[in-house]
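I opened this entry to look at the surface first and the fold after it. My notes follow in the order in which I looked things up.

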Amino acid sequence: MLYYYKSTNLGPLMPAHGHPPHHHHPGSGHPPASLAPSILRMSVIERLAIATVLIAALWGAVRWAMT
C-alpha cells in the first residue's frame with residue numbers, strides 16, 4: 001500500500017510558507033564563509049606526509065603488540 005503525507009509542512013526541506021530563508025539589509029553583506037579542513041584541498045606533499053605518519057604509527061603499534 002502506498003502511504004503519503006497529507007500535511008502541508010514536510011519539514012525543513014519543503015517549508016509550507018513561501019518566505020525566503022533569509023533577508024538582507026542594505027549595506028550589510030554576508031559574513032565570510034569558513035572552510036572546513038578537507039584532505040581534498042591539501043597539496044600532494046601534505047597528503048603524503050599524513051599518510052607516512054599514519055603508516056609509521058600503524059607499524060609502531062604492530063611492533064609494540066609483538067613485543
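I looked for nonpolar patches on the surface of this predicted model. I found one of about 580 Å², made by Ile55, Leu58, Trp59, Val62 and Met66.

I then took one member of the patch, Val62. I place Val62 in helix α1. Its relative accessibility is 31%, so I enter Val62 as partly exposed. The patch rule asks for over 30% relative accessible area.

Next I checked the helix. I read α1 as residues 44–66, which is 23 residues. From its first C-alpha to its last I get 33 Å, close to the 33 Å expected at 1.5 Å a residue. Of the 23 residues of α1, 0 are buried, so I note that the helix lies largely in the open.

Last, I turned to the whole protein. I count 1 helix and 0 strands. Of its 67 residues, 0% are buried. I put the exposed area at about 7,100 Å², with 70% of it supplied by carbon and sulfur atoms.

Terms used
Residues numbered from 1 in each chain as written. Predicted model: local features only at pLDDT ≥ 70, side-chain atom pairs only at ≥ 80, totals over all residues. Heavy atoms only, no water. Helix = DSSP H or I, 4+ residues; strand = E, 2+ residues; numbered from the N terminus. Buried < 20%, exposed > 50% of the residue type's maximum accessible area, 1.4 Å probe, protein only. Areas by Shrake-Rupley, 256 points an atom, 1.4 Å probe, with all protein chains shown as cover. Expected span 1.5 Å × (residues − 1). Patch = residues over 30% accessible without salt bridge, like charges linked within 9 Å, V, L, I, M, F, W, Y side chains within 5 Å. Salt bridge = Lys/Arg side-chain N within 4 Å of Asp/Glu carboxyl O.
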